[in-house]
Amino acid sequence: MTSSEEGIRDETTGTTVHGSTERGRLAGLDGIRGVAALFVMVHHCWLLSFPGYPANTGPAWLGWLLYGHFAVVVFIVLSGFSLAVSPARSAWRLGGVRRFARRRAWRILPPYWAALVFSLVIAWTLVPQPGEGAPTAKSVAVYGLLLQDLFGAPSPNGAFWSIAVEAQLYLVFPLLLLVLRRAGAAVMLAAVTVVVAAVGLLAPGVPLVDMLMRLTPQFAVLFAVGVVATGVIAAEEHVRRLPWHWMALLAAVPVSVVIVVRGSVWTVENYFWIDMALGPAVGLLLAAVSTGRPVALVRLLDLRPIRSLGSFSYTLYLIHAPIVVVLFQSVVAPHLPAGLPSFLTVLALAVPVSLLAARSFAAVFELPFQRHRSWPALRAAARARMSRMRAALRPAP
């Protein structure tokens, strides 16, 4: 969910990767993040307006909004892809586990903890999350330590569940790179898939294995797919020219057909297998976008508004749920019954309010931590900014 680690340039050769912008940034990836975060927010507006999930109780033409979960699938594949860009350019070497862990903590924890405080305040003073009681001291501890997928506690924010999963995937990332470097991408991906599939097959009959399902183990496969897909970054030109976007479409079609034929209830109940089936399509799409194709899609995703949305998509994902719930429960529900008018109204309110709030929130708790990689650098930037503000306010002689 977080912004990428894709480097601007290959610092070994000083060259810019093909398919990137003039500054070396991989065009389109930020746009994918932004669209996915926006889709999750619209999905939550849909859930509140059409009760009965996982059954589709809304209009058929809005049925696709039921599947906000698939945006998280995109996030997880994209996370593995983004984190592996730099190693892919360096023979799959991480550059130090301690450095990697510090940079990941620096990147995800400040906005997450700030969003946790924001969510707790909303839940305690205004409206708790649907189906949840007021957060407790256990909620603070469990969510503060990113253990919400292991221990139950009233949730202050319905979107927080996946952050714990992603943080745990960071722990296995160095191991994935080690296996990939020594045995190859196919072996690494096959090993992860076999282990996770075994968990899925054994879970219904083995209580101890069933406990592992709380960890959403299929996301490990998705993460590994993203890592493997990054190989296209440093691949030979004839590999980069392959029709990755058409292969992505080909991989997505059978999964989409199954979803349509079997319906939403079956699909939600089988997300474990559907997620793994959808992962290759997402990985192939990221490979295509990173090579600059299809051109029209990359240009669309790299339009300034969409790219800007991607720059604070992590914050949008983190804080939108309490905002949507407050607007729905306090403004919409007292005046409109559940249904299409309710959905359109909460959508019209939640989108601009959430975007403005997320952009402002990110300016304090996310973007500074992207620009400055340490406390000394952050403090120096803050002091410089304060000096400029004082100079601007000082009366002219």
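This is a short tutorial dialogue on reading features of a predicted model.

Q: What kind of model is this, and which residues and atoms count?
A: The model is predicted, so to speak of local features we need pLDDT of at least 70, and side-chain atom pairs count only at pLDDT 80 or more, while totals for chains, interfaces and linings use all residues. Residues are numbered from 1 along each chain as its sequence is written, and side-chain values use heavy atoms, with hydrogens and water left out.

Q: Happy to start with helices: how do the axes of α6 and α8 cross?
A: Helices here are DSSP runs (H or I, at least four residues), numbered from the N terminus. Axes are lines fitted to C-alpha atoms, for helices over the stretch in contact, with angles from 0 to 180 degrees between N-to-C directions. For helix α6 (residues 185-202) and helix α8 (residues 218-229), the axes come within 9 Å and cross at roughly 170°. The two helices are therefore roughly antiparallel to each other; the labels are roughly parallel under 35 degrees, roughly antiparallel over 145, roughly perpendicular from 65 to 115, and oblique for the rest.

Q: Which residues make that contact?
A: Contact means heavy atoms within 4.5 Å. On α6 the residues include Ala-185, Met-188, Leu-189, Val-192 and Val-196; on α8 they include Ala-220, Val-221, Ala-224, Val-225 and Val-228. By class, the contact has 11 nonpolar, 2 polar and no charged residues. Here Ala, Val, Leu, Ile, Met, Phe, Trp, Tyr, Cys and Pro count as nonpolar, Asp, Glu, Lys and Arg as charged, and the others, Gly among them, as polar.
An α-helix has 3.6 residues a turn, so residues three or four places apart point the same way.

Q: How many aromatic pairs are there?
A: A pair of aromatic rings is described by the distance of the centres and the angle of the planes. Rings of Phe, Tyr and Trp (its six-membered ring) pair if their centres lie within 6.5 Å; planes under 30 degrees apart count as stacked, over 60 as edge-to-face and the rest as tilted. The count comes to 18 aromatic pairs. One of them joins Phe-70 and Tyr-271, edge-to-face at 5.5 Å centre to centre with 75° between the planes. This pair links distant parts of the chain, with Phe-70 in helix α2 (residues 69-88) and Tyr-271 in helix α11 (residues 271-290), 201 residues apart.

Q: Are Phe-70 and Tyr-271 buried or exposed?
A: Buried means under 20% relative accessible area, exposed over 50%, and partly exposed in between (1.4 Å probe, protein chains only). Phe-70 and Tyr-271 are both buried. Another edge-to-face pair is Trp-106 with Trp-375, at 5.0 Å centre to centre and 85° between the planes. Trp-106 in helix α3 (residues 97-125) and Trp-375 in helix α17 (residues 375-393) are 269 residues apart. Trp-106 is buried, with a relative accessible area of 11%.

Q: Which residues form an aromatic cluster, and which residue lies over the face of Tyr-170?
A: Phe-100, Tyr-170, Phe-173 and Phe-223 form one aromatic cluster. A charge sits over a ring if NZ of Lys or CZ of Arg is within 6 Å of the ring centre and within 35 degrees of the ring normal. Arg-104 lies over the face of Tyr-170, at 5.2 Å from the ring centre.

Q: Where should I look for a positive phi in a residue that is not a glycine?
A: Try Trp-92, whose phi is about 60°. Trp-92 is found in the loop between α2 and α3 and is buried at a relative accessible area of 16%. Trp-92 is also among the residues touched by Thr-230, not counting residues up to four places away in sequence. Thr-230 lies in the loop between α8 and α9 (237-240) and counts as buried at 0% relative accessibility. Thr-216 has a positive phi too, of about 50°, and sits in the loop between α7 (207-210) and α8.

Q: Which peptide bonds are cis?
A: One is the bond from Tyr-53 to Pro-54, with omega near 15°; Pro-54 lies in the loop between α1 and α2. Another joins Arg-293 and Pro-294, where omega is about -10°, and Pro-294 is in the loop between α11 and α12 (295-301).
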